[in-house]
Amino acid sequence: MSRTAWFHCFAGTAGDMTLASLVHAGADLGEVVNILSGLGLDGWAVSTEPVLRCGVAATQAHVAVLDHEHGDHDEHDQAEHEHGHGEHGHHSHRSYRHIRQLLIDADLPPRVRDRAQRTFALLADVEGAMHRMPADDVEFHEVGSVDAIIDIVGSCAALEVLSIDHIVCSGIAVGTGTVKAAHGMLPNPAPAVVELLARRGVSAKGLPDHRELATPTGVALMCALANEFGPMPHMQVGAVGYGAGSSDIPGRPNVVQVVVGDAVAVRAPEGQPVQLLETNVDDISGEVIAHTISA
């Protein structure tokens, strides 16, 4: 049976929320960190904590990155005062060429490497098209920071720990208004988010919320890795996880829900029974035959 994960992004999505949802659903954080160590990056740490979001028990992930200039750590969700999911706490950036080589050189399980490469490649292609430059020359700002790399590769590692073969994603909720980014004030949802959604023809719904509910990292993970988009597939449910954003939004749990289980084969509905009637016709006119058929 195919091990399946269905992501319900009714409140939006972000990379850290995706990682946290999979940990909440049973992915061992120690195993995830062990896989991440294969990246060869220094100065980071991942932790999780149990939280409540609108009364729903959830898990929040924290990626702490060592500030080499000041010698201390900062958690990337401290940018929450600007963004609903707080994914962009650091402003260091790397080119796609740099990140691609990082993944090639990393000691990662093949499927983790492949999923991470697909995610960054899609992001680079989208950003390159938006800025009219080759994908290799794209400089990732928020997405190129250490915490975003850990979010993306960590999510891929958590999928591997849970032995996920098939990924399905719901429609994705987005915010409204404007958001602050490296290039200045941008429309919300951000241009990269809208382009990612368009690439896969994903159903999206705007919510009356000025937070950045759907971040490029979270949307890229879904658009690059989901085998299909839609409602929860026919599956034998084994676990559920809720990955929390930093804000506790009144009236709406600020979480990504993931349902993990085994796909169930759907049998085709049985047709109506058919009866075959046969007879021998000899020495009879066409007029009589026509009358018999019409009756």
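Here is a chat between a biologist and a modeller about a predicted protein model.

Biologist: Let's start with the overall picture: what share of the 295 residues is buried?

Modeller: The protein has eight helices and 13 strands. Counting as buried any residue under 20% relative accessible area, the buried share of the 295 residues comes to 48%.

Biologist: And among contacts between residues at least 6 apart in sequence, what percentage join residues at least 24 apart?

Modeller: Here we look at contacts in the protein and leave out pairs that are less than 6 apart in sequence. Of the contacts that remain, the part joining residues at least 24 apart is 74%.

Biologist: Now helix H2, residues 29-36: why do its buried residues line one face of the helix?

Modeller: The buried residues of H2 are Leu-29, Val-32, Ile-35 and Leu-36. If you look down the axis of H2, they line one face because they fall within an arc of 120 degrees.

Biologist: Which helices and which strand do those buried residues pack against?

Modeller: We're following the buried residues of H2, Val-32 and Ile-35 among them. Their packing partners are helix H1, strand E2, helix H4 and helix H5.

Biologist: At the start of H2, which residue's backbone nitrogen does a side-chain oxygen of Asp-28 reach?

Modeller: The side-chain oxygen of Asp-28 gets to within 3.0 Å of that nitrogen. The nitrogen belongs to the backbone of Gly-30.

Biologist: On to H4 and H6: is their crossing left-handed or right-handed?

Modeller: The axes of H4 and H6 come within 10 Å and cross at roughly 115 degrees. Residues that meet there include Leu-122 and Glu-127 in H4, and Leu-196 and Arg-199 in H6. By class, this contact has eight nonpolar, no polar and four charged residues. As for its hand, the crossing is right-handed.

Biologist: Thr-119 sits in H4 too, so to speak of its surroundings, is Thr-119 buried or exposed?

Modeller: Thr-119 touches Ile-152, Ala-220, Leu-221, Ala-224 and Leu-225, leaving aside residues up to four places away in sequence. The relative accessible area of Thr-119 is 0%, so this residue is buried.

Biologist: How far apart in space are Thr-119 and Met-222, C-alpha to C-alpha?

Modeller: In sequence, Thr-119 and Met-222 are 103 residues apart. In space, C-alpha to C-alpha, the distance is 8.5 Å.

Biologist: Met-222 is in H7, so how many of the ten residues of H7 are buried?

Modeller: H7 covers residues 216-225 and is mostly covered. Its buried residues include Pro-216, Gly-218, Met-222 and Leu-225. The full count of buried residues in H7 is ten.

Technical notes. Residues numbered from 1 in each chain as written. Predicted model: local features only at pLDDT ≥ 70, side-chain atom pairs only at ≥ 80, totals over all residues. Heavy atoms only, no water. Buried < 20%, exposed > 50% of the residue type's maximum accessible area, 1.4 Å probe, protein only. Helix = DSSP H or I, 4+ residues; strand = E, 2+ residues; numbered from the N terminus. Arc of directions from axis to C-beta. Contact = heavy atoms within 4.5 Å. Polar contact = N/O pair within 3.5 Å; in protein donor to acceptor, adjacent residues only side chain to side chain. Axes fitted to C-alpha atoms, helices over the stretch in contact; angles between N-to-C directions. Left-handed = near helix turned anticlockwise from the far one by under 90°. Nonpolar A, V, L, I, M, F, W, Y, C, P; charged D, E, K, R; others polar.
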